[in-house]
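Q: Please take a close look at a single part of this structure and describe it in one connected account. Begin with one residue, and then work outwards to the surroundings of the part that holds it.

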Amino acid sequence: MRLKDKVAIVTGAASGIGAEVARVFASEGAKVALVDRDPIAASPAGALMFQGDVSDSAFATKTVAEVMKAWGRLDVVLTAAGMSVGKKLLETTEEEWDRVFAVNAKGTFLWLKATLPPMIASGGGSMITVASQIPLSGGRNTASYASSKGAVIALTKSVALDYAEDKIRVNALAPGAIDTPFLHRSFKRAADSAAARQASIDRHPMKRFGTVEEVAKAALFLASDDSSFTTGSVLMVEGGWNAG
Ligand SMILES: NC(=O)c1ccc[n+]([C@@H]2O[C@H](COP(=O)([O-])OP(=O)(O)OC[C@H]3O[C@@H](n4cnc5c(N)ncnc54)[C@H](O)[C@@H]3O)[C@@H](O)[C@H]2O)c1
């Protein structure tokens, strides 16, 4: 039980990576609060659930207040809520750019900001953002998404520096292509979905997609005391995407 008696908030917990992280955190003894825009169909026993938009600051502060009221402490936050529109620069509208940044970048900023004071009051904790392998390599047809995830990495490192002495560790996960609904939506947007899928597999030196289980194991490492001397890092879970 690597998270026994810990309290964790997971955004984007209705699907994919966030859903698996919530399951693993709970199985390791954490009390979990799940946040998503969509209804959350599967949840660990005893979980609290909050439905809303992560880019809404009032929703963030209200949710964190309710978690503190229920459980009286906060040890871990993981921000997995995210979205993409695909598209190259010239095809990306201003509204799309703003929406992608609102969910991915502001939706991380707001949840780190809302969770930081109770986490400091709890004696410290672990913040885990979900970036991507893409900002480190650049990516085709994904200008706004890649940029927003670059912002997440910069935010992660900056918050790690500012609050290290408050015993707050802040790290980013950088998944490669992970087999989730998000990934399959991205292939559906391509003119030739099968070719896009194969090109993505081939781009990974390991020649396969990652799984949500592989990302959740990395998240567990960052959430637990196993990573007690790790902060401001970007943990790649991307099958070697950026190695070559
Ligand atoms: N799947 C991949 O290949 C991959 C690769 C790198 C990074 N990521 C990142 O991992 C994270 C999780 O992605 P996933 O693959 O599990 O996707 P997913 O679509 O399966 O899950 C994302 C969840 O976020 C929720 N969400 C989206 N916008 C929201 C909003 N405004 N407010 C509240 N909830 C919102 C969705 O409802 C969904 O439940 C995302 O940040 C994504 O950018 C995914």
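A: Leaving aside residues up to four places away in sequence, A102 touches S55 and G107. The model in which these contacts occur is a predicted one. A102 belongs to helix α3, which spans residues 94–121, and this helix is the part examined here. Within 10 Å of A102 there are 17 C-beta neighbours; a buried residue needs 20 or more and an exposed one has 12 or fewer, so A102 counts as partly exposed. To place A102 relative to a remote part of the chain, one may take D225, which is 123 residues away in sequence, with 31 Å between the two C-alpha atoms.

A second residue of helix α3 is W111. Here the count of C-beta neighbours inside 10 Å is 27, and because 20 or more suffice, W111 is classed as buried. Apart from residues up to four places away in sequence, W111 is in contact with T11, V54, A60, V77 and T79. Across 54 residues of sequence, the C-alpha atoms of W111 and S57 are 8.1 Å apart.

Both S57 and A60 also take part in the packing of helix α2 against α3. Helix α2, residues 57–71, has an axis that comes within 9 Å of that of α3, and the two cross at roughly 30°. Since angles under 35 degrees count as roughly parallel, α2 is roughly parallel to α3. The crossing of these two helices is right-handed. On the α2 side the contact consists of S57, A60, T61, V64 and M68, and on the α3 side of L110, W111, A114, T115 and P118. By class, this contact comprises seven nonpolar and three polar residues, with no charged ones.

Helix α3 also packs against helix α5, residues 143–163, at an angle of about 20° and with the axes 9 Å apart. This angle, too, lies under 35 degrees, and α3 and α5 are therefore roughly parallel to each other. Their crossing is right-handed. From α3, the contact draws on E96, W97, V100, F101, N104, A105, T108, F109, L112 and L116, which meet S144, Y145, S148, K149, A151, V152, L155, V159 and Y163 of α5. These residues divide into 13 nonpolar, four polar and two charged.

One member of this contact, S144, shows the packing from the α5 side. S144 lies in helix α5 and is buried, because 23 other C-beta atoms lie within 10 Å of its own and 20 are enough. Beyond four places in sequence, S144 touches V85, T92, E96, W97 and V100. S144 and I17 are 127 residues apart along the chain, and their C-alpha atoms are 21 Å apart.

Finally, there is the ligand. It is surrounded by 27 residues, the closest of which are G12, G16, G82, T180 and F182. Helix α3 is one of the elements that give two or more residues to this shell, together with α1 (16–27) and α6 (181–188). The shell divides into 14 nonpolar, nine polar and four charged residues.

How values were computed
Residues numbered from 1 in each chain as written. Predicted model: local features only at pLDDT ≥ 70, side-chain atom pairs only at ≥ 80, totals over all residues. Axes fitted to C-alpha atoms, helices over the stretch in contact; angles between N-to-C directions. Helix = DSSP H or I, 4+ residues; strand = E, 2+ residues; numbered from the N terminus. Parallel < 35°, antiparallel > 145°, perpendicular 65-115°, else oblique. Left-handed = near helix turned anticlockwise from the far one by under 90°. Contact = placed C-beta atoms within 7 Å. Nonpolar A, V, L, I, M, F, W, Y, C, P; charged D, E, K, R; others polar. Near = placed C-beta within 6 Å.
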